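Let us walk through a protein model step by step. Keep the sequence and the 3D view side by side as you read.

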Amino acid sequence: MATFVLVPGGWKGSWAFEAVVPLLERAGHTVHALTLTGLRPDDDEATVAAANLDTHAEDVLRLLDRHHITGATLVGHSYAGMVIAAAADRADGRISRLVHLDAYVPRDGESCWSSTNEHFRKVFAAGAAATGYAVRPPGGGDPRRRPHPLASFLQTIRLTGALAQVPRREFVYCSGWEDRTPFAGLRARLQADPEWQVHDLPTGHDAMHEAPGAVAALLLGGSPG
């Protein structure tokens, strides 16, 4: 049986995977859904201000250590593609599979800010205007979302090359929001890379909410439907 570590994207907590977790557990797998530092309901302003990409990678690594996990499948949504890449690069071979679920797939020296499009750079800048360190959630989404640490969007990733040793690397492209997605160019890049498997889902960005069954089927290795 597999061990899944599910990492939510910007502004979200472990609840983002609430419809997917039981489907994976029902299939007999172990599932850990994370809430990253600075996104927890009881995090104070100093914690939010200090949290960056390294902090979030360490959140994943601490989970692996605490539960003595090897052979993990890391799943990162959106911003968390940065997190799982950084964590896998530092995990000393404990990761067997990476799934970037409509998520950034960074190269060394890139950041979420540099990898995204102009639409989201404007969202980040406008959202951080009030405090200078936390990006308020865009309007219209789940009320459980919290201000996201700006430093984690801005920090560049440092990759040693160990990431390339992860045996199975996958990217899921959600095609239902092509007017705003920052991932179209990434999809084309990874389709041309034989070391990556690319899947398409006909959903908006929040595939875990819109189509949890399809996401679970893909993670379980079957057709997303």
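**Rings, cysteines and a covered helix**

Start with the aromatic rings: Trp 11, Tyr 79, Trp 113, Phe 124 and Phe 153 are joined by ring pairs into a cluster. Bear in mind that this is a predicted model. In total, the structure holds 9 aromatic pairs.

Take one of them, the pair of Tyr 79 and Phe 153. Their ring centres are 5.4 Å apart, and the planes meet at 85 degrees. That makes the pair edge-to-face. Now trace where the two residues sit in the chain. Tyr 79 lies in the loop between strand 3 (72-77) and helix 4 (80-89). Phe 153 belongs to helix 7 (residues 150-154). The two are 74 residues apart, so the pair links distant parts of the chain. Are these rings buried or exposed? Tyr 79 is buried, at 1% relative accessibility. Phe 153 is buried too, with a relative accessible area of 1%.

Next, find Trp 177 and Phe 183. Their ring centres lie 6.5 Å apart and their planes are at 65 degrees, so this pair is also edge-to-face. Trp 177 is buried, with a relative accessible area of 5%. Phe 183 is buried as well, at 1% relative accessibility.

Go back now to helix 4, which comes after the loop that holds Tyr 79. How many of the residues of helix 4 are buried? The count is 10 of 10, so the helix is mostly covered. Its buried residues include Gly 81, Met 82, Val 83 and Ile 84. Asp 89 is also on the list of buried residues. What covers them? Among the covering elements are strand 1 (3-7), strand 3 and strand 4 (95-101). Helix 3 (53-66) and helix 5 (112-115) take part in the cover too.

Finally, turn to the cysteines. A disulfide is a covalent bond between the sulfur atoms of two cysteines. How many disulfides does the structure hold? The number is 0. Cys 112 is in no disulfide, and the nearest cysteine sulfur is that of Cys 174. Why is there no bond between the two? Their sulfurs are 16 Å apart, which is too far for a bond. A disulfide needs the two sulfur atoms within 2.5 Å. Both cysteines are hidden from the surface: Cys 112 is buried, with a relative accessible area of 1%, and Cys 174 is buried, at 0%.

Definitions and conventions
Residues are numbered from 1 along each chain as its sequence is written. This is a predicted model: local features need pLDDT of at least 70, side-chain atom pairs count only at pLDDT 80 or more; totals for chains, interfaces and linings use all residues. Side-chain values use heavy atoms; hydrogens and water are left out. Buried means under 20% relative accessible area, exposed over 50%, partly exposed in between (1.4 Å probe, protein chains only). Rings of Phe, Tyr and Trp (its six-membered ring) pair if their centres lie within 6.5 Å; planes under 30 degrees apart count as stacked, over 60 as edge-to-face and the rest as tilted. Helices (H or I, at least four residues) and strands (E, at least two) are DSSP runs, numbered from the N terminus. Contact means heavy atoms within 4.5 Å.
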